[in-house]
Structures are given as C-alpha cells and as structure tokens.
Amino acid sequence: MKQILVFISALSLSLIMSCSADEPESNIEVSPEFRPFVRSFEAEAAKRGIAFDFEETGLEILLGPTRVDNAAGVCRFSDRSIEIEVTVWDNLSEAGREQLIFHELGHCVLDRRHRNVILPNNEWGSIMRGSPIPEDRGVAVNYSGQRKEYYINELFDETTPFPDWTSISRNYDEDQPIDTILTVEESAELNETKFIDVGRHFQIEFDLDNNGLARAGFTWGGQNLNNSMHILVSQAKSFQYSTGFSNDGLLLNFEELDLLNPISNKLTIRKIDDLYYFFINEEFIYWADFVNFSGTNMTTFAANSAGRLEDNYDLLIRNLKISYLN
Ligand SMILES: [Zn+2]
C-alpha cells in the first residue's frame, strides 16, 4: 500500500504542466520511449482527417529533468520542443504516459493552451486542463474506458460537444439487494476475502467511520495495488477514486462535497452491467467502467491530510455487506 503515497504525490507533480517560449529551429529528435505515443497521436489525428509533417515543422521530445519546478512536461511553442520530467515519467502507467505526451503535443503541435472546462457531471472536460488549477479541484482526469474517446476528440477539436456519458447516473432505490453473501458488523482493520460472482449485479456497502483520521479508505480487488480499486474519503469532504491499473493514481478527485459527513459515511459500490456506480449516503456520486480484478479482497487504509499512509490506525468499518442485486 506504500505505493499509494507515490502516486498521490506523483499526481500532484504530474499535472502541473507549464509552457514557455524560446528560440525557433526545425529538427526531429524524439527519444525512443516517446515514439509509440507520437505514433498513436498521429493515428488518432488521422482518424479525424488531420495529418502532420514533422519533417517540415520539426519536433523534439526529450527525457530529462525539466527546468521548470513541478512540471511533468514542458513545451516550448516556438520550436516544438518538449521536455518530459524523468522522475514523473518513470512512475506513470501507459495511460498516464499517453495523457502526458498528448497534453504536451496539444500545446506544441496543436497550438492549444490550457482549457479548464468542467463537464456537467463535475469532471474535467479536457486533458488540456492545467495551471492555474482552482484550489477546490483535483487535477486528475479519468482518461480511461469509454471516457477516453471524448478526451481525444476534444484534444483535436475543442468545440467537441460534451459527451453523452456525463448524464450517466443511477437512483439508489433502483436496485435492491436480494441475497447477502457476507456481513461484517464492525472491524477496526478490515481484511476480508469473499468470492463474488462478478457476472452478476452486486453491491459492496458499508459505513466508514474515520474515527478522527484525516482520510479513510477502502480497497477492493486483488492483493496488490496494481489490481484493485481504492476509495478515499476525507474529513475535508473530498472523495477520491482510483484503480491500481493507473499508477498515476487518482482517476477522480472531487473536493468539498456537501454529500459527505465529516466522520461517518455510508458508501456503496454497485456493479451493474458494465459499470460501477458509487453512492455516498445513498446519493449517486460517480460511475466508472467495470474492471474485473483478479481477486476479491477487501481492506481498509488510512492517510493523513498530506496523503501519507498511516501505519497504525484505528478507523471503523461497520455494517459491511456484500449482496447480489435483483
Ligand atoms: Zn500544459
């Protein structure tokens, strides 16, 4: 679980992108690790009828320490030159790497500036979001599953209409538990394994009491971080969701949620058809594409206000129930 720390801090690093202007020149120099992402950028552009001639325009993407503090990548517009911060790059998943390279190519090739647009469901509307990031908002973009196509469309055309998936929602009362297969009345440090037939609709529901800790979390899935989902709620009323498949961490970070109580909250994860739905105190908060983890282990964890995991903690989980839904 130590890695959670890494990706929370990498995340705050990785998404403060910065850009500046410098001397012009026309050459192509792309370090090998970036070439597959440049090729997929060209392929995505071609699908949208856009072609580039980098021989003509020049393109440089190099790995190194960037000369800008807290920048994961830097684009110099004038000579299409990109620098990627090695310490950030090394800790990114493939999806995170693509998002970072696409963001910088957005600046350097598509001539885009930061666009901090918010979708009607409160998610970022562009992977070109960037500094200045409002204080009440995390930087994470869920660049995965069915969301990804929209983000690439928007990258190439910022007039792309908001996607249909912003209206995905679910009423808590729409689905009823019919068959409970596990109940845990109370646990201070949960560590349970229970086989769940993920071909069926099911829910995992519990009350999470942070017992005074800054952040209380719940993990579900395989035994290791790279194969599980994590939910973290804070006393400061933030809700974070991530899957370990993304080493860059949080796919979602909602801050200042009125739905959240400071101490104890009822959290519900429902898997229905191809989606997970998340509820806080019986109100819908978020959906994500279904991911089939190779394991059904459930644990709790806690972190301090800076995101550091607590080695010894004493939070409480109550009324944990796993049930199949009708
Ligand atoms: Zn940027």
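The following paragraphs describe the domain division, helix packing and strand pairing of a predicted model.

The protein chain is divided into two parts, with domain 1 covering residues 3-165 and domain 2 covering residues 172-325. Taken over C-alpha atoms, the centres of domain 1 and domain 2 are separated by 30 Å.

Helix packing was examined for H2, H5 and H6. Helix H6 spans residues 147-156, and its buried residues are Arg 147, Tyr 150, Tyr 151, Ile 152, Glu 154 and Leu 155. These buried residues pack against two helices, H2 (35-47) and H5 (94-108). Two packed helices are described by the angle between their axes and by the distance between those axes. For H2 and H5, the axes come within 10 Å and cross at roughly 65°, and the crossing in which H2 passes H5 is right-handed. On the H2 side, the contact is formed by Phe 37, Ser 40 and Phe 41, which meet Arg 97, Glu 98, Ile 101, Phe 102 and Leu 105 of H5. By residue class, this contact of H2 with H5 comprises five nonpolar residues, one polar residue and two charged residues.

Strand pairing was then considered. Six strands form an open sheet in the order S6-S17-S8-S13-S14-S15, and their pairing is antiparallel. Strand S6 (177-187) and strand S15 (283-289) occupy the edges with a single partner strand each, so one side of each lacks a neighbour in the sheet. On average, and with direction ignored, neighbouring strands of this sheet are turned by 15° against each other. Within the order of the sheet, S13 is followed by S14; strand S13 (residues 264-272) and strand S14 (residues 275-280) run antiparallel and are joined by six bridges. Arg 270 stands opposite Tyr 277 of S14.

A further antiparallel pair consists of strand S10 (residues 228-234) and S11, connected over five bridges. Met 229 has Thr 243 in S11 as its bridge partner. The hairpin of S10 and S11 has four residues between the strands, and in this hairpin Lys 237 adopts a positive phi near 70°. Strand S11 (residues 239-243) is mostly covered, with five of its five residues buried. From S11, Phe 239, Tyr 241 and Thr 243 point one way, whereas Gln 240 and Ser 242 point the other way. Thr 243 therefore combines two descriptions, being buried because 20 or more other C-beta atoms lie within 10 Å of its own and serving as the bridge partner of Met 229.

Conventions
Residues are numbered from 1 along each chain as its sequence is written. This is a predicted model: local features need pLDDT of at least 70, side-chain atom pairs count only at pLDDT 80 or more; totals for chains, interfaces and linings use all residues. A residue is buried if 20 or more other C-beta atoms lie within 10 Å of its own, exposed if 12 or fewer, and partly exposed in between; C-beta atoms are placed from the backbone. Two residues are in contact if their C-beta atoms, placed from the backbone, lie within 7 Å. Domain bounds come from an automatic or database domain assignment. Two strands pair if DSSP finds at least two bridges between them. Axes are lines fitted to C-alpha atoms, for helices over the stretch in contact, and angles run from 0 to 180 degrees between N-to-C directions. A crossing is left-handed if the near helix is turned anticlockwise from the far one by less than a right angle, and right-handed if clockwise. Ala, Val, Leu, Ile, Met, Phe, Trp, Tyr, Cys and Pro count as nonpolar, Asp, Glu, Lys and Arg as charged, and the others, Gly among them, as polar.
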